[in-house]
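Work through the exercises below with the sequence and the model side by side. Try each task before reading its solution.

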Amino acid sequence: MILTILMAATTLAITWIMTIIPALAAQGAPLGVRVPQSHLSDPVVVDAISGFKTRTWIVGIAATVISLFYVNHSWVAALSSLLVIIGSTWAYLSQRRHIIAAKKDGGWFDGVETAVSARVAGRDADAVQDIDVPTPSFPWLTMLGSLLVIIAGALIVAAHWSDIPDPVPVHWDDSMEPDSWSDKSIGSVFFITFIALGVWLLFAGICWLIQRTAVQPRSERSIKARLRNQANLAASNEAMGTLLLLMSLGLSFIQITSPVPGYQDLAGLSFITMVVMTISGTIAIVAMILRAQSQLEDQLRGVKLPDGDKESPDNDEHYKWGILYYNPDDPAVLVDKRLGVGVSFNYATWQAKVFLAVMAIIIIGSIALPLILI
């Protein structure tokens, strides 16, 4: 029952995060569609965003009710979160079409003066010199803390190696009782540690990439958009470090309680802890980014930027579904996200393809390696 309620809470948390996405997206691209400033309050745009949120909440609440109704079927509760993601994707695709149609029929960009501000220099720099915008940095403290937590969990299990039975339990039922076993080996005993290390490498790679690589503004190419994206990236790296630390604590707890007989009575609590940590960390990411945006807006209030009265170019043709940037003629490798917060690749570049391959190897390897060692 407790696990089902946690899954329901997870479903609601995911629903809330999905409805917040429009607030995290580029301000001039509601639901991934480039819109002039003069049309951001157009009824079509407002109704489309409202429709997206309403439909997402309807799907989310329905999925939550279903998961609670089938209280004896935990797999239904787990699938409810996937249902929210599918439902919000449908809401996004269906509602953005109204903005696209209105933009085309109304010729919103006809005669609109556009400008590109790729960098802040000259008098532009003078306009923003008093604005304190943090730069993205690698979250060393939380990253190292996460790695130490993962290693500590593995060392505790290693110290009880002789106490671990053979075969060792590798799966638990709804009542958190073992229902599947495997021969005792490094892979079967330390399976969770391998998963945790894979997650750590993934997070570290993303944070390092954000901190080390120049992100080119493409969704909105203005001074304000560049500053906003810089603040978002700084908050994202800090928040991802916090999320990883919370997840590592939960995974290490599971690692300790899974194979060691003296701790297996806490297996249910460890899973609950993992879910709570993940939900809390994810909500913290959104909250920290929204806070960074709010602080920047306060600093920019009353500041007149040189390109404040001009529009960024209308480049919807380079965004697949308003999300994935694909432009073979653009040398930029990393660009700002149009939907959500952070960085995205120009998927027409070879670097993007290599990065996707490396990430796939990390994810698949962290799962496959312990299976090979079993």
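Four exercises follow, each with a worked solution.

This is a predicted model, in which local features need pLDDT of at least 70, side-chain atom pairs count only at pLDDT 80 or more, and totals for chains, interfaces and linings use all residues. Residues are numbered from 1 along each chain as its sequence is written, and side-chain values use heavy atoms, with hydrogens and water left out.

**Exercise 1. Salt bridges**

Task: Find how Lys103, Asp314, Asp316 and Arg338 are linked.

Solution:

Step 1. Apply the rule: a salt bridge is a side-chain nitrogen of Lys or Arg within 4 Å of a carboxyl oxygen of Asp or Glu. The count by this rule is 3 salt bridges.

Step 2. Start with Asp314 and Lys103, whose closest N and O atoms are 2.7 Å apart. Asp314 sits in the loop between α9 and β3 (319-320), and Lys103 is 211 residues away in helix α3. Helices (H or I, at least four residues) and strands (E, at least two) are DSSP runs, numbered from the N terminus.

Step 3. Lys103 also forms a salt bridge with Asp316, at 2.6 Å from N to O. Lys103 is in helix α3 and Asp316 is in the loop between α9 and β3, so this pair ties together parts 213 residues apart in sequence.

Step 4. Asp316 in turn meets Arg338 in a salt bridge of 2.5 Å, N to O. Arg338 belongs to the loop between β5 (334-336) and β6 (343-345), so the pair joins parts that are 22 residues apart in sequence.

Step 5. Put the pairs together: the four residues form a network of salt bridges.

**Exercise 2. Burial within the network**

Task: Decide whether Arg338 is buried or exposed, and do the same for Lys103.

Solution:

Step 1. Use the cut-offs: buried means under 20% relative accessible area, exposed over 50%, and partly exposed in between (1.4 Å probe, protein chains only).

Step 2. Arg338 has a relative accessible area of 0%, so Arg338 is buried. Lys103, at 10%, also counts as buried.

Step 3. For the acidic partners, Asp314 is partly exposed at 31%, and Asp316 is partly exposed at 22%.

**Exercise 3. The nonpolar cores**

Task: Which helix gives the most to the largest nonpolar core?

Solution:

Step 1. A nonpolar core is a set of buried Ala, Val, Leu, Ile, Met, Phe, Trp, Tyr and Cys residues joined through side-chain atoms within 4.5 Å.

Step 2. The largest core has 27 residues, and among the members that touch the most others are Met143, Trp200 and Leu244. At least two residues come from each of α1, α5 (140-159), α7 (191-212), α8 (223-257) and α9 (267-300). The most come from α8, with 8 residues.

Step 3. Look at Trp200: leaving aside residues up to four places away in sequence, Trp200 touches Met143, Ser146, Leu147, Ile150 and Leu244. Contact here means heavy atoms within 4.5 Å.

Step 4. A second, separate core has 17 residues, including Ala25 and Leu31.

**Exercise 4. A buried serine**

Task: Which residues does Ser88 touch, not counting residues up to four places away in sequence?

Solution:

Step 1. Locate Ser88 in helix α3 (residues 74-106).

Step 2. Ser88 has a relative accessible area of 1% and is therefore buried.

Step 3. With residues up to four places away in sequence not counted, Ser88 is in contact with Met18, Phe52 and Thr56.
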